[in-house]
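Grab a coffee and open the viewer. Below are some short exercises to work through with the structure on screen, each with a solution.

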Amino acid sequence: MIIQLEKRPQRSALLSILSPFIALGLTLVAGAIMFSLLGKNPFQALYTYFVQPLTDPWTREQIIIKATPLILIASGLAVCFRSSNWNIGAEGQYLIGGMFGAMIPVYFNEWSGFAVLPLILIMGMIGGALYAFIPAILKSRFGTNEILTSLMLVYVAQQLVDWLVRGPWRNPQGFGFPGTKEFNDSAVLPPLWESGDAHYGAAFAVVAVIVMWFVLSRTLKGFEVTVLGESPRAGRFAGFDSKKMTVFAFLVSGALAGLAGIAEVSGSAEKLDDKLSLGYGFAAIIVAFLGRLNPLGILAAGLILALSYIGGEEAQISMGISDRATRVFQGLLLFFVLASDTLIHYKIKLARRLPAAGGA
Amino acid sequence: MAQDSANIAGEGGVLLTASGITKIFGELKANDNVDLTVNKGEIHALLGENGAGKSTLVKILFGSLQPTEGQIEWEGRAVTIPSPGAARTLGIGMVFQHFSLFDALTVAENIALSLGSNTPIDEIGEAARKLSNEYGLPLDPDAHVGDLSVGERQRIEIIRCLLQDPALIILDEPTSVLTPQEADKLFETLERLAGEGRSILYISHRLEEVQRLCSRATILRHGRVVDACDPRDETAASLASKMVGEEIDVVHREGTSSAESDILLSVQNLSMSFENPFSVALKEISLDVRAGEIIGIAGVAGNGQSEFFNAVSGEDVHESADSVSILGTKAGRMDISQRRNLGAAFVPEERLGHGAVPTLSLSDNLLLARHACEDDGFTSGGLKTISARSVRSRSEKIIKDMDVRMSGVNPPANALSGGNLQKFIVGRELDREPRVLVVNQPTWGVDAGAAAKIRQALIDLAERGSAIVVISQDLDEIFEVSDRIAVMADGRLSAPEAASGMTRERIGLLMAGMDGAAGGAAA
């Protein structure tokens, strides 16, 4: 018996809805097998991962905090990936966004007032966008592969931020720990509710999702994104410019990654330190695809991935499961999502092995 | 079912009999109880519209599909053909309409890939060279496929097939890419192959060719055999009506332009070269197209037609504004959207991937070409919000006007047959009533019924006072629609001459290059 993939005459509408759920189901099964092999009770482990965090208000808030940067970055990446611009460097754009925004509190620490916070956020977006502009211009001018350049720039950004917080920007009163001075209150993104941890970044994420959804599905710009991503030649016939699109997509996704970075700096850490790079920029790639490059789907996917992060922490504390298991989970999830998408265009058929073809 | 028994005896027996072949896809009967007999040494035509079931039948014979019901007999012995490999082993070879060749590899390497044997490439190259000279289809085994003309690429496919010494050769629309002279050469080769006792199953929609070449024809319609006849006893019109099942409208042309009518499209001294090494540079092209006239541009593929199309449409923008004028406005430096807004419309050669995005719906593909046309009002506001409803209703109107047949509501472009998608793409532009229309290969790979409809629509548009350029490799089409004919060869365009004074021979000579430099495609 061999398994054959047979192309469907038309894409299956049912399976394009079901596919993420099939992927989720397969991930759970594979996860259960993994936990059994680790010698843990798989049901308890899955419960700890996916249910327990939802039962407690504090962990629920943590999920929102984790999901915020993922959703912000991923909704920008949706524009890139839909237009076939493979921006893998959102982590770097996130870091530089945080760094750009931090410039104002670092150099004008005493400055306070209403204007400070919006200015910081805008600086963050500009920083992320400028950093994304580098691979964009390299691609559109010189035909450089944006996957390589955007990825390599992540490491540059990490070193740059690390050097700043240990060198010129280090807080002299910080007992030698890397990090800038704490921002004054005007430069801090306020929490969503009294004495909460979740900051206004979460609101930005929701706004970003709605705006990106509208742009991508209802406007000519969104149509241009899809056309150029599907078929650049047809895009040219439509009068669209794929080089300009490359720049546009990178600027949008860079700006949103930068906003995620500065929201994290100003809302959570309240200073720039060496702990900003947590891999959100990479995890957001999973979120973008899990959400099928649709901002509304990304909102859900971001929450699910954040849940797996928090669940992973819980499992580490209560069951002694390594946090590496969380990464394996995310890898499995992405793998199954991409694999399940095959079902939209193909159906699986079992067939008896064909006689060997002559001459081959 | 009607078999012409007089012919069966003649050529030395039956090679292949397919009887009662039925193939069901879901609810569609692509083949319904089809009978086909191919005799040894005959050239047998398989005729039918797009979607008539020709490809399905041929795929079954070549082993890429399995019949739901029915038997195949090969030299009197019942056989099953489970795979193309098995078909080759039996002695069935096939030359596909769309070539499966790698541009970056040499001829010999491409052949070696398909043979899949361990024979050294040099030996394969030598064998190919020998065989190609023997059959008068000269081929350089060391040439890179990317540098070759379409005709030469087809030779590779034919030689590749002949190297396996087949008893039956299936050819799918082989002449659609050839000059008349090249086609003549191919016919000689085919006749020679038939003379050697090989059988040829010849799929074509060009009826004159079939009449010239084939001694028997099987005609399919909606998956059934409607007739088996000797095409030489028929007229082109009677064959066509058997294929379509109704009388085909004869395309009717009345010249309406005169030397006094306005020049709507003017190309002046257009020269352009490209970075892409496979592109043909355009050399000092000048052309005036007047209101009410259709200019046909003939030429073998790859002589600069696509480059010319792109330069006129504005996909490639020229540095001089004077090079292209549309309705008197200098448009050489305008992009395609601005040129559309001047009243021009364009239909490119490739349907999927150039004229339409394969995965997007028809209404999205309408928006593709019309979003920038101000008077359509498909988008509104500073954000250019798309009015999905007006796009949908307009696309439904086009579907109705052009009789586009499809399954489902607003399906993606790649779910339509070639002819139906082409009707939509042409209809999308005609619906705007453009004053200037430039079409590249309007009926390439389109069935006879759809082709007649498209040609008539172009003629009607010209009679309403638009200026039309039809770029085509199909000389029948050129003669059918054109008032004046020009020929493109190696990036140059001959001066247009009145269609009434043109002959195929003269066009053939012009195709070979006015200055005698035959066929050399300089990059």
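The exercises that follow are about a predicted model of a complex.

**Exercise 1. Work out how far to trust the model, and where to be careful in chain B.**

Start with the complex as a whole: the predictor gives an ipTM of 0.85 and a pTM of 0.77. Next, take chain B by itself. Its average pLDDT is 84, and 91% of the residues score at least 70. Now look for the weak spots. Residues 1-11 of chain B have a pLDDT below 50, and this stretch has 20 contacts in the model beyond near neighbours in sequence. Residues 515-523 of chain B also stay under 50, with 16 contacts beyond four places in sequence. Where pLDDT is low, the predicted coordinates should not be read in detail.

**Exercise 2. Check whether the radius of gyration of chain B agrees with that of a compact globule.**

Begin with the expectation: for 523 residues, a compact globule would have a radius of gyration near 24 Å. Chain B has 24 Å, so the two agree. For the outline, the C-alpha atoms of chain B fill a box of roughly 70 × 50 × 45 Å along the principal axes. Inside, chain B holds 17 helices and 23 strands, and buried residues make up 49% of its 523 residues. Last, take the contacts in chain B with a separation of 6 or more: 68% of them come from residues 24 or more positions apart.

**Exercise 3. Decide whether helix 6 of chain B has the length expected for its residues, and whether it is enclosed.**

Length comes first. Helix 6 of chain B runs over residues 150-162, which is 13 residues, and at 1.5 Å a residue it should span 18 Å. The end C-alpha atoms are 18 Å apart, so the helix passes the check.

Now for burial, where the cut-off is 20 or more other C-beta atoms within 10 Å. Eleven of the 13 residues are buried, so helix 6 of chain B is largely enclosed by the rest of the structure. Among them are Arg153(B), Glu157(B) and Arg160(B), along with Ile156(B), Ile158(B) and Ile159(B). As for what does the covering, it includes strand 6, helix 4, helix 5, strand 7 and helix 7 of chain B.

**Exercise 4. Trace the open sheet in chain B that has the order 12-11-14-15, and find its edges.**

Four strands make up this sheet, and their pairing is antiparallel. The edges are strand 12 (282-290) and strand 15 (329-330) of chain B, each of which pairs on one side only. Zoom in on strand 15 of chain B: strand 14 (residues 324-326) pairs with it over two bridges. For Ile326(B), the bridge partner in strand 15 is Thr329(B).

**Exercise 5. Is Gly143(A) buried or exposed?**

Find Gly143(A) in the loop between helix 5 (116-142) and helix 6 (146-166) of chain A. Then count: 8 other C-beta atoms lie within 10 Å. The cut-off for exposed is 12 or fewer, so Gly143(A) is exposed. One more distance to check: the C-alpha atoms of Gly143(A) and Lys243(A) are separated by 9.8 Å, although these residues are 100 apart along the chain.

**Exercise 6. Describe the side of chain A that touches chain B.**

Count both partners: 21 residues of chain A are in contact with 36 residues of chain B. Helix 8 (220-230) and helix 9 (232-237) of chain A each supply at least two residues of the chain A side. The largest share, five residues, comes from helix 8 of chain A. By class, this side has ten nonpolar, six polar and five charged residues.

Key: Residues are numbered from 1 along each chain as its sequence is written. Chains are lettered from A and ligands numbered from 1 in the order in which they are written. This is a predicted model: local features need pLDDT of at least 70, side-chain atom pairs count only at pLDDT 80 or more; totals for chains, interfaces and linings use all residues. Two residues are in contact if their C-beta atoms, placed from the backbone, lie within 7 Å. Ala, Val, Leu, Ile, Met, Phe, Trp, Tyr, Cys and Pro count as nonpolar, Asp, Glu, Lys and Arg as charged, and the others, Gly among them, as polar. pLDDT is the predictor's confidence in each residue, from 0 to 100. Two strands pair if DSSP finds at least two bridges between them. The expected span of a helix is 1.5 Å times one less than its number of residues. The radius of gyration is taken over C-alpha atoms; the globule rule is 2.2 Å times the number of residues to the power 0.38.
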